Amino acid sequence: MRRLRLSTFLTLDGVMQAPGGPTEDWTGGFPFGGWLAPLADETVGEMMGEWIGADYDLLLGRKTYEIFAAHWPDQDDEIGRTFNAIDKFVVAGPETPLTWANSHRLDGDPAEAVRRLKASGDRDLLIQGSGKLLQALLAADLIDEMTLMVFPVVLGQGKRLFREGHAPGTWRLESTRHSPSGAISSRYVRAGAVETAAIAAPADNDRERARQDRMRREG
């Protein structure tokens, strides 16, 4: 069984849209493309290398595939050589040409297609960007590991990683590292179901009962 690993850049308010540059993704009139670059430092580069890791295939949605396929075939650095050599599995319709070497189309329902792909071997799958696809995979509880690199910037708009409708669950922190610019890279693995408990014994008085009654009426 393949593990599905998510690695992504986030702002403090959870925005993942267009970290790399102004022309990356301006849908919705997003004005902050390239928000990561001013906060990139040597340690951020090292952390990127760590969370990309080794021995994996890429899983991409259509828009991220088009961004990567336009950029990486011309790159001869370590990441470029890796990305160009490995298999790329792409959730996209037939109208999207798969021109990048070693690219393979996944047809049908995205979550079901990825579920079948996970069961097809033991080589990790790494998903980057691909916000629309990520929503389907998070809702279907198919992500096994997350590495989130959070930068100290708040944008107030843009596509966010976590939204309504995701499968609930808990995550265990495996490692964390921070950069001089304030970026924090944290790796999490699935830990199980959400458990709930009261921090302190609930108040047993008329004020508390009235508060709970009001909450019920307000829905």
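**Figure 1. The start of helix H1 in the predicted model.** Aspartate 41 sits at the start of H1. One of its side-chain oxygens comes to within 3.1 Å of the backbone nitrogen of threonine 43. Threonine 43 is itself among the buried residues of this helix, which spans residues 42-52. The other buried residues of H1 are Val44, Met47, Trp51 and Ile52. After H1 comes glycine 53. Its phi is positive, near 70°.

**Figure 2. Isoleucine 52 in helix H1.** Isoleucine 52 has a relative accessibility of 6%. It therefore counts as buried, the cut-off being under 20%. Its C-alpha atom is separated by 16 Å from that of glutamate 42. Those two residues are 10 apart along the chain. With residues up to four places away in sequence left out, isoleucine 52 touches Arg5, Ile79, Phe83, Leu126 and Gln128.

**Figure 3. A salt bridge between helix H1 and strand S7.** The side chains of arginine 177 and glutamate 46 meet at 2.5 Å, N to O. Arginine 177 belongs to strand S7, residues 170-178, and glutamate 46 to H1, so the pair ties together parts that are 131 residues apart in sequence. Both partners are partly exposed: arginine 177 at 30% relative accessibility, glutamate 46 at 36%. The model's salt bridges come to 21 in total.

**Figure 4. A salt bridge within helix H2.** Glutamate 66 pairs with arginine 62 through their side chains, at 3.3 Å from N to O. Both lie in H2, which covers residues 62-71. They are four residues apart, about one turn of the helix. An α-helix has 3.6 residues a turn, so residues three or four places apart point the same way. Glutamate 66 is partly exposed, with a relative accessible area of 36%. Arginine 62 is also partly exposed, with a value of 34%.

**Figure 5. A salt bridge within helix H6, and a salt-bridge network.** Glutamate 208 forms a salt bridge with arginine 211. Their closest N and O atoms are 2.6 Å apart. The two residues are three apart in H6, residues 206-218, and so are separated by about one helical turn. Glutamate 208 is buried, at 13% relative accessible area. Arginine 211 is partly exposed, at 34%. Elsewhere, salt bridges that share partners join Arg3, Arg5, Asp124, Glu145 and Arg187 into one network.

**Figure 6. Aspartate 124 in strand S5.** Strand S5 spans residues 124-127. Aspartate 124 has a relative accessible area of 10%, so it is buried. Its side chain makes a polar contact of 2.6 Å with that of arginine 3. Setting aside neighbours within four places in sequence, aspartate 124 is in contact with Arg2, Arg3, Arg5, Asp55, Tyr56 and Asp57.

**Figure 7. Aspartate 57 in strand S2.** Aspartate 57 counts as buried, at 3% relative accessibility. Residues up to four places away in sequence are not counted in the contacts that follow. Aspartate 57 touches Arg2, Ile86, Asp87 and Phe89. It also touches Arg123, Asp124, Leu125 and Leu126. Aspartate 124, shown in the preceding view, thus appears here as a contact partner.

**Figure 8. The largest nonpolar core.** This core holds 29 residues. Trp35, Leu58, Phe83, Trp100, Met149 and Phe151 touch the most other members. At least two residues come from each of H1, strand S2 (56-61), H2 and strand S6 (145-151). H1 supplies the largest share, four residues.

**Figure 9. Tryptophan 100 and its contacts.** Neighbours within four places in sequence are left aside. Tryptophan 100 is in contact with Leu58, Leu60, Tyr65, Phe68 and Ala69. Trp72, Pro73, Phe83, Asn84 and Lys88 complete its contacts. A second, separate core has 23 residues, including Leu59, Val91, Leu133 and Leu161.

Note on methods
Residues numbered from 1 in each chain as written. Predicted model: local features only at pLDDT ≥ 70, side-chain atom pairs only at ≥ 80, totals over all residues. Heavy atoms only, no water. Buried < 20%, exposed > 50% of the residue type's maximum accessible area, 1.4 Å probe, protein only. Polar contact = N/O pair within 3.5 Å; in protein donor to acceptor, adjacent residues only side chain to side chain. Contact = heavy atoms within 4.5 Å. Salt bridge = Lys/Arg side-chain N within 4 Å of Asp/Glu carboxyl O. Core = buried A, V, L, I, M, F, W, Y, C linked by side-chain atoms within 4.5 Å.
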